[in-house]
Amino acid sequence: MPQDNASRHVLSSYLLDTTLGGSEEGRCILDGATWNGANLTSAVLESAIIRGTTLLDAELSDARLAKANIDTTDFQRALLGGSDFTEGRISKSDFRFAWLAEAIFSDAELRHTEFRKSNLRGARFQGALLESCKFAGATLSAGCFNSARIKLCDFSESDFTAAQFVRAQIEGSHFRAANGSDANFSNCRVKACDFTRADLARARFQKADLTGSQFERTRMREADLRQAQLGGVILCHADLAGARFAGAVLFAADLRGADLSGARELTSQQLTQARTDDITILPNGARGPYRRNSGAERVLAR
C-alpha cells in the first residue's frame, strides 16, 4: 500500500501513462486497488473503470473522470474539488466527508451513492440522474441541478441555499430540516417529496408541480408560488408570510395552522378551495377559517 510521496508520484505517473494508451483501448482499470492518500491531482482518468477500489483521503483535485465507470469505490474524505465526472456512471460508492466543491457531474448517472456531510458547494449536476443517493448534511449551496432527474434521494439537513433546480424532476425524496433559502425550483415537477421543517425562505416555485408533497412547518416566507400546482399539498403550520400565489392551484391544499399574513395575490376562490382552520392566519392578519367574500384574502394597506 503506497503511502510516501515517492510512491504517490509513481502511482500518479502510472495512471497517467495507462490512461494515455498503456492499457487496452487506452482505458485505465483499477480493480480492487488500495490507494489511500494517493496524490492524483489533475490526473487524466477519462473513461476509466474503477471498481472495488479504496481512495480514502486521496488528492484528486481537478481530476478528469468524464465517462468513467465507478462502482463500489470509497472516496471518503478525498479532495475532489473541481473534478469532472461528466457522463460518468457511479454506483454504490462512498463520498462521505469528501471535498467536491465545484465538481462537475453533468449528465452523469449516480445510483445508491453516499455524499453525507460532503462539501459540494457550486457542484454541477445539470441533466444528471440521481437515484437512491444520500446527501444528508451535505453542503450544496449554489449547486446546479437544472433538468436533473432525482428519485428517492435524501437531502435531509443539507444546505442547498441558492441552488438551482429549474425543470428538474424530483420524486419521493426527502428534504427534511434542510436549508434551501433562495433556491430555485421553477418549472419543477416535485412529486411525493418531504420538506418538513425545511427553510425555503424566498425560494422560487413558479409553475412548479408540487402535488403530493409535504411542507409541514416549513419556512416559506416570501416564497414565489405563482402558477404552482398545490392541489392536495400539505402546508400545515407552514410560514407563508409574504408569499406570492398569483394563479396557483390550491384545491384541497392543507393550510390549517399556516401563517399567510401579508401573502399576496390570493383570491377568494383560491382560499375557499383550500383547507383552513381557526388558527390559520389569513393575509389580512385575521384568524381563519376563511369565509367567502370576507375580504380576508386582501393584504391590509400600510
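This is a dialogue about how to read features of one predicted model.

Trainee: What should I know about the numbering and the model before I start?

Mentor: Residues are numbered from 1 along each chain as its sequence is written, and side-chain values use heavy atoms, with hydrogens and water left out. The model is predicted, so to speak of local features a pLDDT of at least 70 is needed, side-chain atom pairs count only at pLDDT 80 or more, and totals for chains, interfaces and linings use all residues.

Trainee: What pLDDT does the protein average?

Mentor: The term pLDDT stands for the predictor's confidence in each residue, from 0 to 100. Here the protein averages 92, and 91% of the residues score at least 70. Over residues 1-10, however, the pLDDT is below 50, and this stretch has 11 contacts in the model beyond near neighbours in sequence, a contact being heavy atoms within 4.5 Å. Residues 16-24 also have a pLDDT below 50, with 14 contacts beyond near neighbours in sequence. Where pLDDT is low, the predicted coordinates should not be read in detail.

Trainee: How many helices and strands does the protein have, and in which pattern do they follow along the sequence?

Mentor: Helices (H or I, at least four residues) and strands (E, at least two) are DSSP runs, numbered from the N terminus. The protein has two helices and nine strands, and read along the sequence they give the pattern α-β-β-β-β-β-β-β-β-β-α. The C-alpha trace spans about 80 × 30 × 25 Å along its principal axes, and of the contacts with a separation of 6 or more, 6% are accounted for by residues 24 or more positions apart.

Trainee: What share of the residues count as buried?

Mentor: Buried means under 20% relative accessible area, exposed means over 50%, and partly exposed lies in between, with a 1.4 Å probe and protein chains only. Of the 302 residues, 52% count as buried.

Trainee: Which residues touch the most other members of the largest nonpolar core?

Mentor: A nonpolar core is a set of buried Ala, Val, Leu, Ile, Met, Phe, Trp, Tyr and Cys residues joined through side-chain atoms within 4.5 Å. The largest one here has 87 residues, of which Phe105, Leu240 and Phe245 touch the most other members. Not counting residues up to four places away in sequence, leucine 240 touches nine named residues' worth of surroundings, among them Met220, Leu225, Phe245 and Ala263.

Trainee: Which residues line the largest cavity?

Mentor: On a 1 Å grid over the protein atoms alone, a cavity is a set of points where a 1.4 Å probe fits but cannot get out, and lining residues have an atom within 4 Å of a point. Grid points are joined across faces, edges and corners, and a volume is the space filled by probe spheres set on the points. The structure holds one cavity of 30 Å³ or more, and about 40 Å³ of space lies in the largest cavity. Its lining consists of Leu30, Leu40, Leu45, Ile50, Leu55, Leu60, Leu65 and Phe75.Trainee: Where is threonine 218, and is this residue buried or exposed?

Mentor: Threonine 218 lies in the loop between S9 and H2, and at 0% relative accessibility this residue counts as buried. Leaving aside neighbours within four places in sequence, threonine 218 is in contact with Phe195, Thr196, Arg197, Ala198, Leu200, Ala238 and Asp239. The C-alpha atoms of threonine 218 and alanine 177 are separated by 8.3 Å, although the two are 41 residues apart along the chain.

Trainee: Where is serine 156 found, and what does this residue touch?

Mentor: Serine 156 is found in the loop between strand S7 (149-151) and strand S8 (169-171), and is buried, with a relative accessible area of 11%. Not counting residues up to four places away in sequence, serine 156 touches Phe135, Ala136, Gly137, His174, Phe175 and Arg176.

Trainee: What is the phi of glutamate 102, and what is that of arginine 217?

Mentor: Phi of glutamate 102 is near 60°, a positive value in a residue other than glycine; glutamate 102 lies in the loop between strand S4 (89-91) and strand S5 (109-111) and is partly exposed, with a relative accessible area of 48%. Arginine 217, also not a glycine, has a positive phi of about 55°, and is partly exposed at 39%.

Trainee: Which peptide bond is cis?

Mentor: The bond from glycine 288 to proline 289 is cis, with omega near 0°, and proline 289 has its place in the segment after helix H2 (268-273).

How values were computed. On a 1 Å grid over the protein atoms alone, a cavity is a set of points where a 1.4 Å probe fits but cannot get out, and a pocket is an open set with protein on both sides within 12 Å along at least five of seven lines; lining residues have an atom within 4 Å of a point.
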